[in-house]
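I opened the model and kept notes on what I looked up. The entries follow the order in which I went through them.

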Amino acid sequence: MQKVMSISKPSQLEEDLPHPPPPPSSSSSSSYKLFSRRFFSLHGRDLFAASANWFLVDVVFYTSNLLLSQVLNLSNKPTSSTNVYDTAFEVAKVAAIVAVCSTIPGYWFTVYFIDKVGRVKIQIMGFFCMAVVYLVAGIPYSWYQSDRNKPSNKGFVIMYGLIFFFSNFGPNTTTFIIPAEIFPARFRSTSHGISGAAGKLGAIVGTVGFLWGTKRDEEQKDAFPDVRRVRVAFLILGGVCIAGVLVTYFCTRETMGRSLEENEEDDDICTSSAPGSPSASELPRITTQAIDF
């Protein structure tokens with residue numbers, strides 16, 4: 001009799017306890033696919049913001065690099081007396097000065113401030129400051145380039161260098177970081193690649209704009225681009241930077257101070273609250289009841 005009771009008690013306990021809920025099936029909303037309706041509802045705005053910002057900053061950055069040798073002249077020689085070797089040396093000298101004084105310091109400023117100020121604020125600041133520089137350089141550009149056979153205005157050189165400083169202490173760095181943090185792990189590489197591809201499309205647009213902006217004045221046979229075209233190009237680039245400010249402010253989420261795991265948890269919470277998925281209060285609970293024998 002004691003053996004029978006010892007066997008029946010555990011079996012009765014197992015029968016009285018409720019069974020745990022079945023594991024979620026692969027067709028549940030937590031396993032939504034890339035480019036599905038659930039993906040666009042949760043991450044569509046993030047993908048748009050990352051792609052649009054990368055597109056806009058590459059339009060500005062590549063055009064500015066290509067225009068560098070066309071609008072700056074640090075040589076004391078008249079442009080008519082220089083040969084191709086002197087021109088190549090002057091272009092390399094200008095590029096090196098800009099890199100040392102603007103590009104590299106901009107990166108280090110971002111490294112220091114990105115976890116103190118935040119990605120979104122740095123990106124907005126960079127776009128805004130570039131827009132200001134482009135407008136200040138573009139509106140009176142004909143005055144800056146009024147006499148090209150004399151040494152160029154050093155103030156214009158410094159101002160143009162600020163474009164590269166705030167590009168790297170701004171969207172040219174944060175557009176790489178935000179897509180790597182804001183998307184879930186299973187979509188991160190693909191979403192980052194889509195954003196980068198949008199940026200390369202912006203580089204193509206910037207290159208085509210450079211070809212238009214550097215067209216020479218056929219009547220004057222000038223060695224420098226047409227002043228009116230460069231002026232319009234600067235004003236357009238300023239408008240592109242303002243568009244970057246608006247896209248960043250209204251569409252980009254801040255990821256400062258959050259780990260990748262916390263971003264994954266946010267994705268799980270949003271998915272669990274989707275229509276048709278059970279909430280936490282609706283899930284069955286396992287309770288232990290005291291059974292007296």
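**Entry 1: Asn-172**

I began with Asn-172 and listed its contacts, leaving aside its neighbours within four places in sequence: Val-57, Asp-58, Phe-61, Tyr-107 and Ser-167. I note here that this is a predicted model. Asn-172 sits in helix α7.

Is Asn-172 buried or exposed? I found a relative accessibility of 6% for Asn-172, and because buried means under 20%, Asn-172 counts as buried.

I then looked at what the side chain of Asn-172 does. It makes a polar contact of 2.7 Å with the side chain of Asn-168. A polar contact of 3.4 Å joins the side chains of Asn-172 and Tyr-107.

**Entry 2: the whole protein**

I stepped back to the overall layout. I found ten helices and zero strands in the protein. Read along the sequence, the pattern is α-α-α-α-α-α-α-α-α-α.

What share of the 293 residues is buried? I noted 40%. I also looked up the contacts between residues at least 6 apart in sequence, and 81% of these join residues at least 24 apart.

**Entry 3: α2 against α7**

I went on to the helix that holds Asn-172, which is α7, and to its packing with α2. Helix α7 covers residues 171–182, and its axis lies 9 Å from that of α2, at an angle of about 160 degrees. Angles over 145 degrees count as roughly antiparallel, so I put α2 down as roughly antiparallel to α7. The crossing of α2 past α7 is left-handed.

Which residues make this contact? On the α2 side I listed Asp-46, Ala-50, Asn-53, Trp-54, Val-57, Asp-58 and Phe-61. On the α7 side I listed Pro-171, Asn-172, Thr-175, Phe-176, Pro-179 and Ile-182. Sorted by class, the contact of α2 with α7 has eight nonpolar, three polar and two charged residues.

**Entry 4: α6 against α7**

I next looked up helix α6, residues 154–168, whose axis comes within 5 Å of that of α7. The two axes cross at roughly 20 degrees. Angles under 35 degrees count as roughly parallel, so α6 and α7 are roughly parallel to each other.

From α6 the contact takes in Phe-166, Ser-167 and Asn-168, and from α7 it takes in Pro-171, Asn-172 and Thr-173. By class I wrote down two nonpolar, four polar and no charged residues for the contact of α6 with α7.

**Entry 5: α2 against α4**

I turned to α2 and helix α4, which runs over residues 119–138. Their axes come within 12 Å and cross at roughly 40 degrees. How do α2 and α4 lie to each other? I have them as oblique, because 40 degrees fits none of the ranges for roughly parallel, perpendicular or antiparallel. The crossing of α2 past α4 is left-handed.

The residues of α2 that meet α4 are Asn-53, Leu-56, Val-57, Val-60 and Ser-64. The residues they meet in α4 are Gln-123, Phe-127, Met-130 and Tyr-134. By class, the contact of α2 with α4 has six nonpolar, three polar and no charged residues. I saw that Asn-53 and Val-57 are listed in this contact and also in the contact of α2 with α7.

**Entry 6: Ser-51 and Val-71**

I checked two residues of α2. Ser-51 is found in α2, which covers residues 37–71. With a relative accessibility of 13%, Ser-51 counts as buried. The side chain of Ser-51 reaches the backbone oxygen of Leu-47 at 2.9 Å. Leaving aside its neighbours within four places in sequence, Ser-51 is in contact with Ile-194, Ser-195 and Ala-198.

Val-71 also lies in α2. Its relative accessible area is 1%, and Val-71 is buried. How far from the C-alpha atom of Val-71 is that of Val-157? I read 9.1 Å for this pair, and the two residues are 86 apart along the chain.

**Entry 7: Phe-35**

My last lookup was Phe-35, in the loop between α1 (2–16) and α2. Phe-35 has a positive phi of about 65 degrees although it is not a glycine. Most residues other than glycine have a negative phi. I have Phe-35 down as partly exposed, with a relative accessible area of 44%.

Definitions and conventions
Residues numbered from 1 in each chain as written. Predicted model: local features only at pLDDT ≥ 70, side-chain atom pairs only at ≥ 80, totals over all residues. Heavy atoms only, no water. Helix = DSSP H or I, 4+ residues; strand = E, 2+ residues; numbered from the N terminus. Buried < 20%, exposed > 50% of the residue type's maximum accessible area, 1.4 Å probe, protein only. Polar contact = N/O pair within 3.5 Å; in protein donor to acceptor, adjacent residues only side chain to side chain. Contact = heavy atoms within 4.5 Å. Axes fitted to C-alpha atoms, helices over the stretch in contact; angles between N-to-C directions. Parallel < 35°, antiparallel > 145°, perpendicular 65-115°, else oblique. Left-handed = near helix turned anticlockwise from the far one by under 90°. Nonpolar A, V, L, I, M, F, W, Y, C, P; charged D, E, K, R; others polar.
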